[in-house]
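Grab a pencil and work through these short exercises. Try each task before you read its solution.

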Amino acid sequence: MEKLKKQLTEISEVVNTFKSEAVQVKIAEKLFDVLIDADRFEDGEFGRRGQRYRNDGESSHGLPIRKKPGATRVLNQLLATDFFNVPRSISSIANYCKEHYDSDFKTSELSGILLKLVNEDKLRREKSRDNNRFDYVKA
């Protein structure tokens, strides 16, 4: 609490230079948010991307931290199966990932990785007969 009082004293002069009370309130709210986040970060409560974690390897909800696999890892896992034995559209690939891997990838996240797999001759890209899009199949 003493630390907060000291911080408030330091910023009060700057905030009070603004005539509008609404502006003062907005500035104070922003500063409080920044100060609180900085304190939490220093205490080790935040992980990457502002996610709140405790230092003992559990989330703030008491559940173990489990990172979902990324799009590259999921697509490589699918390559090891018979999933790409039949042509698949990028939207069907995204839907499959959502249903079976609990990973909600956007098609834009998958497109670059799929193109890389095509360039590495792991997949082939074919024009779809149904629409003007590509289907991906094992090479």
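**Exercise 1.** Which residues make the nonpolar surface patch of about 300 Å² in this predicted model, and is Met-1 buried or exposed?

*Solution.* Start with the members: Met-1, Leu-4 and Leu-8 make up the patch. Next, place Met-1, which sits in the segment before helix H1 (2–16). Now check its cover: the relative accessible area of Met-1 is 72%. Exposed means over 50%, so Met-1 counts as exposed.

**Exercise 2.** Work out what span the 15 residues of H1 should have, and compare it with the distance between the end C-alpha atoms.

*Solution.* The expected span is 1.5 Å times one less than the number of residues. For H1 that gives 21 Å, and the end C-alpha atoms are 21 Å apart, so the two agree. Look along the helix too: H1 has a kink of about 30°, centred on Glu-10. Gln-7, Ile-11 and Val-15 are buried residues in H1.

**Exercise 3.** Where do Glu-2 and Lys-5 lie, and what joins their side chains?

*Solution.* Both are in helix H1, three residues apart, which is about one turn of the helix. Their side chains meet in a salt bridge, 3.8 Å from N to O. For the cut-off, N and O must be within 4 Å, so this pair qualifies. Glu-2 is exposed at 60%, while Lys-5 is partly exposed at 47%.

**Exercise 4.** Which residues does Glu-120 pair with in salt bridges?

*Solution.* One partner is Lys-116, at 3.4 Å from N to O. Another is Lys-122, with the closest N and O atoms 3.5 Å apart. Put together, Lys-116, Glu-120 and Lys-122 form a network of salt bridges. The structure holds four salt bridges.

Definitions and conventions. Residues numbered from 1 in each chain as written. Predicted model: local features only at pLDDT ≥ 70, side-chain atom pairs only at ≥ 80, totals over all residues. Heavy atoms only, no water. Patch = residues over 30% accessible without salt bridge, like charges linked within 9 Å, V, L, I, M, F, W, Y side chains within 5 Å. Areas by Shrake-Rupley, 256 points an atom, 1.4 Å probe, with all protein chains shown as cover. Helix = DSSP H or I, 4+ residues; strand = E, 2+ residues; numbered from the N terminus. Buried < 20%, exposed > 50% of the residue type's maximum accessible area, 1.4 Å probe, protein only. Bend = angle between axes of the 7 residues up to and from the residue.
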